[in-house]
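Me: I should like to learn how to read the features of a structure that is new to me. Could you guide me through them in order?

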Amino acid sequence: MKYYIKTFGCQMNYSDSERIATVLEKQGFRPASDIKKANLAIFNTCGVRQMAEDRVYGQIHNLRKSQLPSSKSQTNRTIVLTGCLANRPDVRRRLKDKVELFCEIKEFPQKIKALLASSSKGTTDPYLSIKPSYSSKFSAFVPVMTGCNNFCSYCVVPYARGREISRPATEILKEVRSLVKNGYKFITLVGQNVNSYQDNKISFPSLLKKANAIPGKFWLSFMTSHPKDMSDDLIKVVAQSPKVCEFVHLPIQAGDDKILKAMNRKYTRAHYLKLIAKIKKAFQKYKPGQLYGLAGDIIVGFPGETKKQFLESAKVLEKVRYDMLYFGQFSPRYGTAAAKMKDNVSKKEKERRENYLNAILKDTAINNNR
């Protein structure tokens with residue numbers, strides 16, 4: 001019996017898929033080289049953008065129409081949908097005749113065993129505690145927390161993953177030590193909001209400091225951070241720690257305070273720019289002459305965003321001078337507060353605004369690289 005995992009979205013989803021692979025291999029499955037050759041197809045989904053959601057619908061539809069090479073029917077292929085779309089009622093209605101199991105990622109070990117009517121022992125560990133089947137021999141994602149308490153008005157993550165849960169620090173550090181021992185060189189600590197991590201008295205800066213102290217030659221990175229939780233302590237640890245990459249990914253999402261408030265981001269443009277100034281100053285103080293990188297996220301065309309408000313985002317790009325930026329054209333996500341707002345910026349205008357910002361990014365990135 002063979003399985004194939006199709007992963008959409010962020011680093012956290014890829015980390016989840018590596019744990020899914022371990023669960024399936026304990027059930028006697030082996031990976032297939034092609035999804036069309038798999039008896040069990042897992043779709044680990046992302047609901048952050050409409051484009052990713054639409055790809056899920058199309059690929060499941062096409063897969064359900066296909067058949068396994070050794071069979072004249074489609075009944076010997078099982079399709080499972082997990083990740084951010086798994087609990088949405090509209091998704092379940094749309095795919096009810098094409099998917100055998102919908103389940104949250106944290107319920108996957110128990111539900112897949114029940115679906116397969118398996119008598120094998122399998123695992124009863126929380127999914128974050130399951131040892132992953134790493135897809136790389138060089139780099140690895142290590143989850144430190146999951147879920148989100150922020151409820152940004154455009155975002156489905158709190159509904160899809162639930163409230164924040166932090167993984168025990170001893171477990172995280174044990175996984176990092178094991179990776180270093182096995183020759184891994186690039187380790188990324190991941191979570192929906194890593195800088196709200198808390199395990200008793202161990203905060204995320206403390207965890208990062210402990211990971212940096214692990215013997216060996218390797219790089220440490222992390223994502224994603226929320227500006228409202230980006231502390232002076234974390235900035236100092238990043239700038240001082242020799243193994244932590246000189247790179248900070250800090251989403252802003254919009255450069256206008258009214259839009260930020262409508263997004264429920266809980267910070268202002270001035271606060272964000274002050275954080276960027278602190279990050280730059282810290283690198284200059286603790287690692288003078290060392291190159292460093294800044295990345296972020298911006299949504300264009302949020303409901304009610306005027307051209308004047310959009311240009312405030314452009315000014316942020318010019319001031320920060322990012323090395324990398326992830327653009328998102330606003331699309332309403334089912335169940336969020338923003339889905340009830342009037343999506344009054346046209347698709348054409350969203351594309352124009354994205355292209356406008358991308359031209360600024362290209363210019364600053366080229367000059368930074370020079």
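Reply: The following turns treat the sheets, a cavity and a pocket of this predicted model.

Me: In what order do the strands of the five-stranded open sheet stand, and in which sense do they pair?

Reply: A sheet is read by following its strands from one side to the other. Here the order is E2-E1-E3-E4-E5, and the pairing is parallel. Strand E2 (30-31) and strand E5 (101-102) each have a single partner strand, so one side of each lacks a neighbour in the sheet.

Me: How many bridges join strand E3 and strand E4?

Reply: Pairing is read from the bridges between two strands. E3, residues 40-45, and E4, residues 78-83, are paired in the parallel sense over six bridges. As one example, Leu-40 has Thr-78 in E4 as its bridge partner.

Me: Which strands does helix H1 lie across?

Reply: A helix is placed by naming the strands it crosses and the angle it makes. H1, made of residues 11-26, lies across E1 (2-7), E2, E3 and E4. Relative to E1, the helix runs at about 170°.

Me: What is the order of the open sheet of three strands?

Reply: The same reading applies. This sheet has the order E13-E14-E15, again with parallel pairing. Strand E13 (247-249) and strand E15 (324-329) are at the edges with a single partner strand each, so each has one side without a neighbour in the sheet. On average, neighbouring strands of this sheet are turned by 10° against each other, direction ignored.

Me: How many bridges join strand E14 to E15, and how many pair E13 with E14?

Reply: Each pair is taken in turn. Between E14 (residues 293-300) and E15 there are six bridges, and the two strands run parallel. Within this pair, Asp-297 is opposite Tyr-326 of E15. E13 and E14 are also paired in the parallel sense, over three bridges, with Phe-247 having Gly-293 of E14 as its bridge partner.

Me: Is E14 mostly covered or mostly open?

Reply: One reads the burial of a strand residue by residue, on both of its faces. In E14, eight of its eight residues are buried, and the strand is mostly covered. Gly-293, Ala-295, Asp-297 and Ile-299 point one way, while Leu-294, Gly-296, Ile-298 and Val-300 point the other way; all are buried.

Me: How many cavities of 30 Å³ or more does the structure hold?

Reply: Rolling a probe the size of a water molecule over the atoms shows where empty space is left. The structure holds one cavity of 30 Å³ or more, and the largest cavity contains about 30 Å³ of space. Its lining includes Asp-16, Arg-19, Phe-108, Tyr-127 and Ile-130. H1 and helix H4 (108-115) are the elements that give two or more residues to this lining. The largest share, four residues, comes from H1. By class, the lining of the largest cavity has seven nonpolar residues, no polar ones and two charged ones.

Me: What is the volume of the largest pocket, and which residues lie nearest its centre?

Reply: A pocket is described by its volume and by the residues that line it. The volume of the largest pocket is about 1400 Å³. Its lining comprises 47 residues, of which Cys-46, Val-48, Arg-49, Gln-253 and Asp-297 lie nearest the centre. Two or more lining residues come from each of H1, helix H2 (50-65), helix H5 (157-161), E14, E15 and helix H12 (347-369). The lining of the largest pocket divides into 21 nonpolar, 16 polar and 10 charged residues.

Terms used:
Residues numbered from 1 in each chain as written. Predicted model: local features only at pLDDT ≥ 70, side-chain atom pairs only at ≥ 80, totals over all residues. Heavy atoms only, no water. Pairing = 2+ DSSP bridges. Contact = heavy atoms within 4.5 Å. Axes fitted to C-alpha atoms, helices over the stretch in contact; angles between N-to-C directions. 1 Å grid on protein atoms, 1.4 Å probe; cavity = no way out; pocket = protein on both sides within 12 Å on 5 of 7 lines; lining within 4 Å. Points joined across faces, edges and corners; volume = space filled by probe spheres on them. Nonpolar A, V, L, I, M, F, W, Y, C, P; charged D, E, K, R; others polar. Buried < 20%, exposed > 50% of the residue type's maximum accessible area, 1.4 Å probe, protein only.
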